[in-house]
Amino acid sequence: MPRSSVSWLLIYAVSLACPLGASGQIKKDAVDQAPRERMSYLDNGIIRLGADLNKGGAITWLSKSAGDENVVNSYDYGRQIQMSYYSGPVPYVVGDKRPAEHWRHIGWNPIQTGDDFGHASRVLEHRNDGSTLYVKCVPMQWPLDDVPGECTFECWITLDGAAAQVRSRLNNARTDKTQYPARRQELPAVYVNGPYHRLMAYTGDQPFTGGALTHIVKPAGEPGPWTHWNSAENWSALVRDDDWGLGVWHPGCFSFGGGFAGPPGKGGPHDVPTGYISPGYVEVIDWNIRHEYRYALILGTLEEIRQYVYRHPRPRSTPDFHFQRERQHWHFVNARDAGWPLQGEWRVTLDGDDPQLISPDGFWQAADAPTLYLRAAYRGRGQRAELFWKTFAEPGFSERNSLKFEIEGDGEYHTYAIPLASASGYRGAITALRLDPAPAGGEGDFIAIRSITSAAPADAK
């Protein structure tokens, strides 16, 4: 029961396209022969942002308003600042079109700019009134040759001082209605140029107190060019040696991936060296899902980036999940559900061994959430469920940090008050939850959840 059925690092490794793979180099000629820029700009006198309408409306320019130093890298169609999603099957094959061996692990991966063969995504709609830039495109499947995605991407962009506020949406319409396992999503993918090689974030356990930042460096021996970290302040930045650069803030998102690849310190938009940041969640991407998120791109010094984040309201940090139409960034392992959208509850079928429901990464102090209230209906043969939690000090799920509680198997809704404070391991900063409804399920077994919260539900009875 305490084991994690899929290593987080494995999920992370198979979810990201490598910008320096052999294919990216081989296909550079195709990219060079693609249609040239067709830009749509926003400029507020402080920063200038440009979206290339010949590249799916991806962001290819971001600079000071009066400056000519563009921070965005566009070496190939896998870079830029763009939307990107992952799902199955792995590998993803369409007719006789198959991915190259080094892209087999990518699976289904529509991206906003274009594919690895130099075919750009097609913009369907574009509006720019000087205040809001809107684009809608049909993305391309990155690892395949000229295969559009069965979906559309939309982006709304506005400028706010030295920041760009972006709202992004996936409208999925796949003919394959299979429910594939959850994958880590890039929300968004952000690539910058060689001078911006210092990857910085707050990784301590006292967020929003101005504590020292961490220079993120990929551990020796970790595969690939990227690494993973959690930022309790929901932002990370890639900066020059003088601490000026680009911050990426995704409110409420704690999990980040990225790093730097190539010789650091020099190189422009069409050169190989690149820094990468991607906040994201591990999520199921249903065949018909409408998935939306918001983020900000902030130009400035590290202190200016941080103060921009500090000036804005912060989402509630203690658990407060209400499952009305969506999974609230939770995902499941060894289980399945009815798909998107939810119908006022999250109903998960439990017909296999060791079913698990896993929360998004978070950050709260144990003392601020001493009791967890689960509003759920369970049908099954098990009489005891188990709740696991990760801590800042122990970032993996373990039996030591878990609590068993009695659960009714009658299929009716009950509110379970889980006394977390009574567990010796529930101390300090808590970073994620996992609910195991039963050791194993059988035919007809399920759990339906309306809420998981640290505040007693109004309908508790």
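Two strands are taken to pair if DSSP finds at least two bridges between them, and strands themselves are DSSP runs of E of at least two residues, helices being runs of H or I of at least four residues, both numbered from the N terminus. The structure is a predicted model, in which local features need pLDDT of at least 70 and side-chain atom pairs count only at pLDDT 80 or more, whereas totals for chains, interfaces and linings use all residues. Residues are numbered from 1 along each chain as its sequence is written, and side-chain values use heavy atoms, with hydrogens and water left out.

Under this pairing criterion, strand β29 (residues 384-391) is joined to strand β32 (residues 429-436) by 6 bridges, the two running antiparallel, and within this pair Phe388 has Arg434 of β32 as its bridge partner. β29 also pairs in the antiparallel sense with strand β30 (residues 402-406), over 5 bridges, and here Glu386 stands opposite Lys404 of β30. With buried meaning under 20% relative accessible area, exposed over 50% and partly exposed in between (1.4 Å probe, protein chains only), 7 of the 8 residues of β29 are buried, so this strand is largely enclosed by the rest of the structure.

An open sheet of 9 strands follows the order β6-β7-β9-β10-β21-β17-β16-β13-β14, with antiparallel pairing. Its edge strands, β6 (122-128) and β14 (214-215), each pair on one side only. Helix α4 packs on this sheet, touching β9, β10, β13, β16, β17 and β21, and its direction makes about 140° with that of β21; axes here are lines fitted to C-alpha atoms, for helices over the stretch in contact, and angles run from 0 to 180 degrees between N-to-C directions. The helix spans residues 302-310, and its buried residues are Leu302, Ile305, Arg306, Tyr308, Val309 and Tyr310. Where contact means heavy atoms within 4.5 Å, the cover over these buried residues includes β9 (151-160), β10 (163-172), β13 (198-201), β16 (235-239), β17 (244-249) and β21 (290-301). Within the sheet, β9 and β10 run antiparallel and are joined by 10 bridges, with Thr152 placed opposite Asn171 of β10.

Internal voids were examined on a 1 Å grid over the protein atoms alone, a cavity being a set of points where a 1.4 Å probe fits but cannot get out, and lining residues having an atom within 4 Å of a point. Grid points are joined across faces, edges and corners, and a volume is the space filled by probe spheres set on the points. By this rule there are 4 cavities of 30 Å³ or more, and the second largest has a volume of about 50 Å³. Its lining consists of Gly57, Ala58, Ile59, Ile81, Gln82, Met83, Gln112, Cys155, Ile157, Ser168, Pro188 and Tyr295. At least two lining residues come from each of β3 (58-64), β4 (81-84) and β9, and β4 gives the most, with 3 residues. When Ala, Val, Leu, Ile, Met, Phe, Trp, Tyr, Cys and Pro count as nonpolar, Asp, Glu, Lys and Arg as charged, and the others, Gly among them, as polar, the lining of this cavity has 8 nonpolar, 4 polar and no charged residues.

Backbone geometry was considered next. Most residues other than glycine have a negative phi, and most peptide bonds are trans. The peptide bond from Leu187 to Pro188 is cis, with omega near 0°, and Pro188 lies in strand β12 (residues 186-193). A cis bond also links Trp340 to Pro341, with omega near -5°, Pro341 being found in the loop between β24 (336-337) and β25 (346-349). A positive phi, near 70°, is found for Asn234, which is in the loop between β15 (227-230) and β16 and counts as buried at 5% relative accessibility. For His329, phi is likewise positive and near 70°; this residue is in the loop between β22 (320-322) and β23 (331-333) and, at 25% relative accessibility, counts as partly exposed.

The loop between β22 and β23 also holds Trp330, which counts as buried at 1% relative accessibility. Not counting residues up to four places away in sequence, Trp330 touches Phe321, Phe323, Trp346, Leu357, Ile358, Ser359, Pro360, Leu433 and Ile452.

Technical notes
On a 1 Å grid over the protein atoms alone, a cavity is a set of points where a 1.4 Å probe fits but cannot get out, and a pocket is an open set with protein on both sides within 12 Å along at least five of seven lines; lining residues have an atom within 4 Å of a point.
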